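Colleague: I would like a close look at one part of this protein, the disulfides. Please set them in the context of the fold as a whole.

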Amino acid sequence: MIEKRLLQRSSATVIAGSGTSGGRSCRIDARAKRSLIPGLAAACLAMLGTHYDAAWAGPMVTPQGISLVNISQASQFLVTGVPQVAVSRVDPNLIAVAWRKYGLPINTNAGANPGERTADCHVAVSTDGGQTFTDTDLMPILRQRTDPEMPTQPEPGLYYCNWPWVSIGDDRTIYAGGAMFTALGDIGWPGRPSTAPKQGRASVTTSRDDGRTWGQPTLGIKISHFAPGLTGLGCSNVLPCVSTPGGTDQWHTPWDNAMGVAASGSTTFYSKAGSHVVASADRAQSFGTVYQIQVPGWTFSAGALAAAGDLMVVPIIATSTPVGATCPCLGAATSTNRGATWPPKIIPPASDFNSSGTGDTARYPFGAIDPRNPSRYAVAAYTPDRRSVQVYWTQNNGDTWTKAAVGSIPNSGPLPITAPIARAGKIGLGYTTDGKLLVVWRVFQTPDNPNVAGGPGKFDTLAALLHGDSFGPTIRVSPKSSTYPIGTTVGASVPNAADYNLNNGGGDFSTWITGNQQFALVAFPYAPGGLVMDTYFAKIPLSIM
């Protein structure tokens, strides 16, 4: 194991949580590289200053009894997002939150020179039930080259990170990682110092001591482990095909949308990138054959991976099938042979749900599995008008399905939402450790428009718990409405710069939920007043849901 204190110039940061008497709240060291905000963004951020609602700078509990902890505690020069939360199935006090930190303005084509960009993955671990967290910057760990299939070109090799994830095994092993990628490297761009294609890898690290130390990174999704005939990313001007068959050069290794899942009731860990998946039986130290989530004759996109026992499940939206269904079709594909085959199941007719996952890149639809019983799993999707969410679940491995829509948004009580809602987004689904089904989503007050800065307007995070065949009250998780910070709506003003859409918060793609026997646990972006967008952890008593 690698000692964290040797890897980090700044030691782990302790973040106080609500109800903590002896804890202290400190800012995470912002020594990481910061890009200067050019032009209008700089002026606007300067006017906003560093103060972002002091009432939220420390621990707090909402009037409903929801405990909130600011995990990231970022500044106005940074934006956080794509969080995940996991809880141990054997110790309800062991909780981990993965989160990503981007520097503003975002330039997805920046190099690795100091100050050009910040794109870092973190994981914060709590051993006291979410009262306090110890945060680890994973970058010094994940940048190590420990596998010959980790690229060295373009220099300095794997350097930036997106799509952080975390999962906890039944033996308390914490798995964490993200989509690591190189800087620069796109062939054919004037002034590039390298002709090597930009590429990435789905990196994994583990901790056996509750996050105090972390092991060297490993890779599961590797060209050398591909099943016979399998290929990776497609051929293009920036990813030329040199080897035969095309799509098997090292730069064709899938890496974006990385995920890791420690299957409950099993010693198996799965690493996923794009539609490729691979299994490990020895805590991610070695991996088997890489397979692709695919079904002959079917065309579909797959959402988040879930696993329990020997079963993997992914929700799918099919655009064509050989079974005569009217599509787009919502369904689920499962595998019991580590990804070699994926028998699919169709759930509702095309008119019963909204197939658009705009704004939820690579996380829609969303699936989850009961950690105690692999034959029980669920899929969440939007209602046809895209203004709410609904969940389909099965108790018999997909033979039959039941559906329930969430309840109305609270428009009275201690934290009402009275503004009209234009659409739902950023959906998430999870089971508690004892098999209760939870759903989380966000509601936006303005229609989505990628050409309008801050197009979604104000938004809130909501959650609900399934009781029998219907959901309980909709709970407002975010005490105040958020607005994407202005720094996420203005791209970098340098040659060949690239950015996300103006209205998605600098790559805000997901919300996450899980739970133990007493609480629902949520990780979500929170930006009250639109000044700074932090990653927050919420602990919601199941008794109020």
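**Disulfides and their setting**

Modeller: Contacts between residues 24 or more positions apart make up 61% of those in the protein with a separation of 6 or more. This is a predicted model. The protein has 545 residues, and 60% of them count as buried. Its secondary structure consists of three helices and 34 strands. The accessible surface is about 19,100 Å², with 52% of that belonging to carbon and sulfur atoms.

Now the disulfides. The structure holds three of them. Each such link is a covalent bond between the sulfur atoms of two cysteines. With the bonded cysteines numbered in sequence order, the pairing reads 1-2, 3-4, 5-6.

Take Cys 121 and Cys 161. Their sulfur atoms lie 2.1 Å apart in a disulfide. This pair links distant parts of the chain, 40 residues apart. Cys 121 sits in strand E7, residues 119-126. Cys 161 sits in strand E9, residues 158-168. The torsion about the S-S bond is about -95 degrees, so the disulfide of Cys 121 and Cys 161 is left-handed. How accessible is Cys 121, buried or exposed? Cys 121 has 0% relative accessibility, so it counts as buried. Cys 161 also comes out at 0% and therefore counts as buried.

Next, Cys 235 and Cys 241. A disulfide joins them, with an S to S distance of 1.6 Å. The torsion about this S-S bond is about -90 degrees, so the link of Cys 235 and Cys 241 is left-handed. Cys 241 counts as partly exposed because its relative accessibility is 29%.

That leaves Cys 327 and Cys 329. Their sulfur atoms are 2.0 Å apart, and the two form a disulfide. The link has -95 degrees about the S-S bond and is left-handed. The two cysteines fall in separate accessibility classes. Cys 327 has a relative accessible area of 22%, so it is partly exposed. The cut-off matters here: buried means under 20%. Cys 329, at 1%, counts as buried.

Now the wider fold, starting with the cores. The largest nonpolar core has 54 residues. Those with the most contacts inside it are Val 391, Ile 427, Leu 429, Val 439, Trp 441 and Phe 537. Strand E24, residues 377-382, gives the most to this core, with six residues. Apart from it lies another core, of 39 residues. Ile 106, Tyr 175, Ala 227 and Leu 230 are among its members.

Ile 427 repays a closer look. Set aside its neighbours within four places in sequence. Ile 427 is then in contact with residues including Asp 360, Tyr 364 and Phe 366. Its contacts also include Ala 380, Ala 381 and Tyr 382. Val 389, Val 439, Val 440, Trp 441 and Thr 511 are further partners of Ile 427.

Then the sheets. One is an open sheet of five strands in the order E3-E4-E34-E33-E32, with antiparallel pairing. Strand E3 (60-61) and strand E32 (512-515) stand at the edges, each with a single partner strand, so one side of each has no neighbour in the sheet. E3 runs antiparallel to strand E4, residues 67-70, and two bridges join them. Met 60 has Leu 68 as its bridge partner in E4. Val 61 has Ser 67. E3 and E4 form a hairpin with five residues between them. In the turn, Gly 65 has a positive phi of about 90 degrees.

E4 also pairs with strand E34, residues 534-541, in the antiparallel sense over four bridges. There the bridge partner of Ser 67 is Lys 539. In a regular strand the side chains alternate between the two faces of the sheet. Both faces of E4 are covered. Ser 67 and Val 69 are buried on one side, and Leu 68 and Asn 70 are buried on the other.

A further open sheet has four strands, in the order E14-E15-E16-E17, with antiparallel pairing. Its edge strands are E14 (259-262) and E17 (291-292), each pairing on one side only. E14 and strand E15, residues 269-273, pair in the antiparallel sense over four bridges. In E15, Lys 272 is the bridge partner of Met 259.

Methods: Residues numbered from 1 in each chain as written. Predicted model: local features only at pLDDT ≥ 70, side-chain atom pairs only at ≥ 80, totals over all residues. Heavy atoms only, no water. Core = buried A, V, L, I, M, F, W, Y, C linked by side-chain atoms within 4.5 Å. Buried < 20%, exposed > 50% of the residue type's maximum accessible area, 1.4 Å probe, protein only. Contact = heavy atoms within 4.5 Å. Pairing = 2+ DSSP bridges. Areas by Shrake-Rupley, 256 points an atom, 1.4 Å probe, with all protein chains shown as cover. Disulfide = S-S within 2.5 Å.
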